[in-house]
Amino acid sequence: MIWEESNKKAYLQSEALNLKNLESMEQFEQLRDGSKTIFMFSANWCGDCRFIDPVLPDIEAKFTDFTFIHVDRDQFIDLCQQVDVYGIPSFIGYENGKELGRFVSKDRKTQEEIEAFIAGLK
């Protein structure tokens, strides 16, 4: 019974996560040039990135005026170089083609740090 409940909770958390995956450079440019968007640069093998996965639904729920997009560092290495992202997890906020701010480093990030960064973008 406990196993089923924990699996159900993990499934519901993953379902609640609205983070969409970036699919192309064209999509990046459209999102960057549109309404408020936060790009989260990450990779499947990144332990610090997986550390924050459980809190991402809460963060998204608090900041509904932003669209959150996951950027797979390994798929978009050229984009990472273009926007100077060399450490992950990292976050960059844009609106109407303008960079609102960035939280870019190789260090592990906490929910509080991420939320403070996003709150500062408003």
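Okay, let me open with a question: is Asp 53 buried, exposed or partly exposed? Partly exposed, with a relative accessible area of 25%. Hold that thought, we'll come back to its partner. One caveat before going on: what's on the screen is a predicted model.

Let's start with the sheet. It's an open one, built from five strands in the order 1-3-2-4-5, and the pairing is mixed. At the edges you have strand 1, residues 20–21, and strand 5, residues 98–103, and each of those pairs on one side only. Strand 1 runs parallel to its partner, strand 3, residues 67–72, and two bridges join them. If you want a spot to click on there, Asn 21 sits opposite His 70 in strand 3.

Now the helices on that sheet. Helix 6, residues 111–119, packs on it and touches strands 2, 3, 4 and 5. Its direction makes about 160 degrees with that of strand 5. Then there's helix 2, residues 25–32, which lies across strand 1, strand 2 (37–42), strand 3 and strand 4 (90–95). Against strand 2, helix 2 runs at about 140 degrees.

Okay, salt bridges. How many turn up in a search of the whole structure? Seven. I'll go through some of them.

Take Asp 65 and Lys 36: their side chains meet at 3.4 Å, N to O. Asp 65 is in the loop between helix 4 (56–62) and strand 3, and Lys 36 is in the loop between helix 2 and strand 2, so this pair ties together parts that are 29 residues apart in sequence. The two ends sit in different classes of accessibility if you look them up: Lys 36 is buried, at 17% relative accessible area, while Asp 65 counts as partly exposed, at 35%.

Next, Asp 48 with Arg 108, where the closest N and O atoms are 2.9 Å apart. This one links distant parts of the chain, 60 residues apart: Asp 48 belongs to helix 3, residues 47–52, and Arg 108 to the loop between strand 5 and helix 6. Asp 48 is partly exposed at 22%, and Arg 108 is partly exposed too, at 44%.

And that brings us back to Asp 53. Which residue does Asp 53 form a salt bridge with? Arg 50, with the closest N and O atoms 2.6 Å apart. Arg 50 is partly exposed, with a relative accessible area of 29%, and Asp 53, as I said at the start, has 25%.

That's my tour, over to you.

How values were computed: Residues are numbered from 1 along each chain as its sequence is written. This is a predicted model: local features need pLDDT of at least 70, side-chain atom pairs count only at pLDDT 80 or more; totals for chains, interfaces and linings use all residues. Side-chain values use heavy atoms; hydrogens and water are left out. Two strands pair if DSSP finds at least two bridges between them. Helices (H or I, at least four residues) and strands (E, at least two) are DSSP runs, numbered from the N terminus. Contact means heavy atoms within 4.5 Å. Axes are lines fitted to C-alpha atoms, for helices over the stretch in contact, and angles run from 0 to 180 degrees between N-to-C directions. A salt bridge is a side-chain nitrogen of Lys or Arg within 4 Å of a carboxyl oxygen of Asp or Glu. Buried means under 20% relative accessible area, exposed over 50%, partly exposed in between (1.4 Å probe, protein chains only).
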